Amino acid sequence: MAFARTCSVALVGVDGVIVEVQADLEPGVAAFTLVGLPDKALTEARDRVRAAVCNSGEAWPQRKLTVGLSPASVPKSGSGFDLAVACAVLAAAERLDPSSIADLLLIGELGLDGRVRPVRGVLPSVLAAADAGYERVVVAEQTAPEASLVPGLTVIGVRSLRQLVAVLTGAGEPEEPLDPICGRPDPLMAGLMLPSAGVRGLPDERTLRLDMADVAGQYEARRALEIAAAGGHHLYLKGPPGAGKTMLAERLPSLLPPLTQKEALEVTAVHSVAGLLPAGRPLIDTAPYCAPHHSTTMPAIVGGGSGLPRPGAVSLAHRGVLFLDEAPEFPVRVLDALRQPLESGEVVIARSAGSLRLPARFLLCLAANPCPCGRYSRRGEGCECTPAMVSRYQGRLSGPLLDRVDLQVQVAPVTRIELMERDATAESTETVAARVLAARERAAARLKHTPWRTNAEVPGHELRTRWQLGASALNDAARQLERGLLTARGLDRVLRVAWTVADLAGRDRPDQRDVRTALVLRTGVEQGTPFSGRVHGRPGSIPAQRRSGPDDDRPEARTEPPVNDEEAV
């Protein structure tokens with residue numbers, strides 16, 4: 001009896017489980033049995049491995065062959081076990097030394113001609129191998145840069161099974177010429193990109209070039225965007241069509257700072273498993289941006305699918321931005337499903353084939369019209385919707401969901417003056433991003449010895465006990481809480497936003513003005529002075545008042561005398 005073993009990795013979500021691949025040869029009728037809870041794609045490995053071995057110039061053993069994948073209780077899927085199965089069979093047939101592959105971890109699909117094809121999820125697989133103490137891994141040549149992101153491992157990138165056998169036996173490494181593709185996409189990379197995987201989670205070149213200076217007017221909304229990026233706060237933009245809500249949301253990812261090494265590995269692992277990792281980009285170091293259509297289904301948003309679930313938009317937007325345009329048009333069940341990841345930063349999906357936990361710490365940006373026709377206002381001019389229609393439309397965003405959104409901003413229509421004239425005070429993305437980065441560094445220094453890095457992650461209990469504010473600073477928030485205009489969760493989020501406003505202003509601790517600003521952004525209730533005059537950013541960050549012309553008769557554009565706090569409340 002001949003026996004050999006090697007190892008590969010089974011992915012459960014974005015977590016890898018080390019799988020021992022065992023091959024046993026016994027006298028008897030030639031047969032190939034694969035056991036260990038394989039799925040359909042893995043069951044078909046018997047035919048792929050046999051053809052690949054024969055076309056690589058090796059003899060297929062004409063005996064009873066049993067290949068076991070252990071632990072047998074873990075579901076195994078995909079074609080990434082082909083390379084490990086082929087090497088285990090060759091070692092059992094004494095073509096390879098069994099000791100040469102015993103401590104080797106192999107990941108790759110085999111073509112019928114013996115070429116090694118790349119598979120999805122190489123980075124999380126190699127991370128699992130490093131955690132298990134493996135020192136050498138073998139992957140397809142195309143995914144070697146991705147595997148090399150994990151330090152402390154020797155990565156062997158191979159082009160074919162014949163080349164790997166030569167490396168393991170110490171023979172001269174054969175030349176494997178590249179296939180001429182004549183400008184067409186490399187067919188070997190097809191397994192890495194799944195066109196039907198759902199929402200693409202990376203900003204394209206057009207998104208990266210968008211500038212904040214292109215947005216006309218909207219000083220309050222631009223300031224709210226800056227606060228959201230600086231503290232990681234969720235944002236809700238509400239206004240009529242054409243006011244610039246989508247323009248603002250598309251520029252939000254460019255305000256976020258570059259990902260740290262740990263965050264980049266997390267994001268890359270999710271996109272690698274989802275089949276959305278672009279060729280030639282082994283590491284994603286910029287914030288992802290996902291903007292699914294409102295007809296997207298529940299599995300595409302939170303994750304799911306047949307068999308073991310796959311990452312959805314909330315995971316593809318991990319450490320980035322999830323933008324839901326026309327948010328009331330999304331199914332109510334889909335919107336309410338966001339409540340768990342908004343609180344915990346992860347999503348737990350249970351299916352009949354198993355359950356898994358996926359990372360989902362994203363910045364949510366919602367955009368909505370005030371009514372189905374989009375022209376509803378307090379004056380009611382031009383709106384054709386009945387009060388019942390308006391109430392039903394606005395009620396699709398439930399109270400518990402909006403209670404988890406820190407910043408709720410009314411986006412007013414753009415005036416003719418703002419649209420037609422060039423605004424010399426408009427700041428570029430580069431300028432705003434520099435302030436955001438400075439505020440994030442200030443918060444990170446304060447939270448250095450804690451598990452949190454942004455203000456939005458800090459629990460409310462810690463804010464009320466470890467970083468207490470003065471009693472006078474919380475007077476306005478306390479009155480709002482007593483009157484029922486603010487919930488306990490809302491108070492915690494007001495404190496988080498106040499800390500972010502203070503970080504942007506360079507202050508060590510929020511004062512009453514910062515808490516008032518946070519209250520306005522949270523509830524929309526004025527606290528005595530216009531919001532634009534109460535924002536305390538760095539000099540020149542926002543004009544004191546918006547410019548208005550004689551044809552601008554909106555109430556928001558008029559200058560009203562300030563009232564004292566008692567009258568406002």
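Two strands are said to pair when DSSP finds at least two bridges between them. With that in mind, a good place to enter this predicted model is an open sheet of 5 strands, arranged in the order 11-12-15-10-16 with parallel pairing. Strand 11 (289–290) and strand 16 (407–410) form the edges of the sheet, each pairing on one side only. As general background, strands of a sheet pair through backbone hydrogen bonds, in either a parallel or an antiparallel fashion.

Strand 10, which spans residues 235–238, is a helpful guide to the sheet. Toward strand 15 (residues 363–368), strand 10 runs parallel and is joined by 4 bridges; one residue to look for here is Y236, whose bridge partner in strand 15 is L366. Toward strand 16, strand 10 is again parallel and joined by 4 bridges, and L235 has L407 of strand 16 as its bridge partner.

L235 also leads from the sheet to the interior. The largest nonpolar core holds 51 residues, and the members that touch the most others are L235, L252, C365 and V515. Helix 22 gives the most to this core, contributing 8 residues. A second core, separate from it, has 43 residues, including L42, V49, A88 and V138. In soluble globular proteins, nonpolar side chains tend to be buried together. Setting aside neighbours within four places in sequence, the contacts of L235 are A224, L225, A228, L364, C365, L366, V405, L407 and V409.

Helix 22 (488–505) can next be followed to its packing against helix 19 (residues 429–446). Two packed helices are described by the angle between their axes and by the distance between the axes. For helix 19 and helix 22, the angle is about 115 degrees and the axes lie 8 Å apart, and the crossing is right-handed. On the helix 19 side, the residues that meet helix 22 are R435, V436, A439, R442, A443 and R446, and their counterparts in helix 22 are W499, D503 and L504.

Helix 21 (residues 475–482) comes next, with D476, A477 and Q480 as its buried residues. These residues lie on the same side of helix 21 because they cover an arc of only 100 degrees around the axis. The cover over them includes helix 22 and helix 23 (512–523). After helix 21 comes G484, which has a positive phi near 80 degrees.

Elsewhere in the chain, helix 7 (residues 161–169) has L161, Q163, L164, V165, A166 and L168 among its buried residues. Helix 7 is followed by G170, where phi is positive, near 80 degrees.

Stepping back to the whole protein, the model contains 25 helices and 16 strands. Of its 569 residues, 51% are buried. Among contacts with a separation of 6 or more, 73% are accounted for by residues 24 or more positions apart.

Notes
Residues numbered from 1 in each chain as written. Predicted model: local features only at pLDDT ≥ 70, side-chain atom pairs only at ≥ 80, totals over all residues. Heavy atoms only, no water. Helix = DSSP H or I, 4+ residues; strand = E, 2+ residues; numbered from the N terminus. Buried < 20%, exposed > 50% of the residue type's maximum accessible area, 1.4 Å probe, protein only. Arc of directions from axis to C-beta. Contact = heavy atoms within 4.5 Å. Core = buried A, V, L, I, M, F, W, Y, C linked by side-chain atoms within 4.5 Å. Axes fitted to C-alpha atoms, helices over the stretch in contact; angles between N-to-C directions. Left-handed = near helix turned anticlockwise from the far one by under 90°.
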